[in-house]
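Student: Please take a close look at the salt bridges and the helix packing around them. I would like one connected account.

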Amino acid sequence: MSLLVKTNALSRILANLHLFTKEKNENNANDTFDYELIEQYVGLFRMLFLKDVFDTYHTQLLTRRILTMKDKMVEPECFFIDKLKQQCGADYTDRMEELLKNRMLSQDLSSKFIKENLDSIDENDAKQKSKHSTKNNDDNERYDIVPKNYFSCFRCLILPSQTAKTWDSLGRVQMSPPWPISLLLSKFSDFYEANMIKRKIEWSLQLSTVKLGVTNIPGLKKVKCSGDFATILLAFNIFI
């Protein structure tokens, strides 16, 4: 029993140690990653007796980490998972691969959505200039257009409902983000449903990460928080 507990703990420590190393590399200014270090972790992984315990812990950590994962970390994650597949087979890494596939699909859809809308905004700007519309008419016609700079900050992660059940304990927050953020989310929902037949999106403000610029408060330039907290700040704070 004592040996089993120690082996279980070792699997968990290795999963957390691997996470720590990835976070350290993720915060580096350059885009390089120490793949030789991943090979060393794989060597330690081969020595584990309870590899299913490592699978459980690593998948749980990946499910959390993927919410804020930077684009440059996808390739090292795929590299590590491929090494695990070579050791234990496709069934072992199935859940991990599914998470990264959803991450990459989300990235592709977001890029396509941003490009289409930026092109549309440029076309509308050209039409407005050619028509020489009055200011009032411009305001009315552009009310349903998300400001251009909002698109550069937009990133979306789409996960299946089965995976999302991991966070069911959070409950649901019933609130709507201010315009034009709500308009941006609505436009992406329409875009997603048009491209992914028979699928719908349910947004989670609690799992979203938002960066807000701060004005007129010395020493504080930005606030990073969840989407629900950001909605409250935007509703009641004149400095954001």
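Tutor: Buried means under 20% relative accessible area, exposed over 50%, and partly exposed in between (1.4 Å probe, protein chains only). This is a predicted model, in which local features need pLDDT of at least 70, side-chain atom pairs count only at pLDDT 80 or more, and totals for chains, interfaces and linings use all residues. Residues are numbered from 1 along each chain as its sequence is written, and side-chain values use heavy atoms, without hydrogens and water.

Glu97 is partly exposed at 21%, and so is its partner Lys85, at 28%. They form a salt bridge (Lys or Arg side-chain nitrogen within 4 Å of an Asp or Glu carboxyl oxygen), with closest N and O atoms 2.6 Å apart. Lys85 sits in helix H4 and Glu97 in helix H5, twelve residues apart; helices are DSSP runs of H or I, at least four residues, numbered from the N terminus.

H4 (residues 74–88) also carries Lys83, whose side chain meets that of Glu39 in a salt bridge at 3.2 Å, N to O. That pair joins H4 to helix H2 across 44 residues. Lys83 is buried at 18%, whereas Glu39 is partly exposed at 32%.

Both residues belong to the contact (heavy atoms within 4.5 Å) between H2 and H4, where the H2 side includes Tyr35, Ile38 and Phe45 and the H4 side includes Phe79, Phe80 and Leu84.

A third salt bridge joins Asp55 and Arg95, again at 3.2 Å between closest N and O atoms. Asp55 lies in helix H3 and Arg95 in H5, so the pair ties together parts 40 residues apart in sequence. Asp55 is buried at 11%; Arg95 is partly exposed at 45%.

How values were computed: Helices (H or I, at least four residues) and strands (E, at least two) are DSSP runs, numbered from the N terminus.
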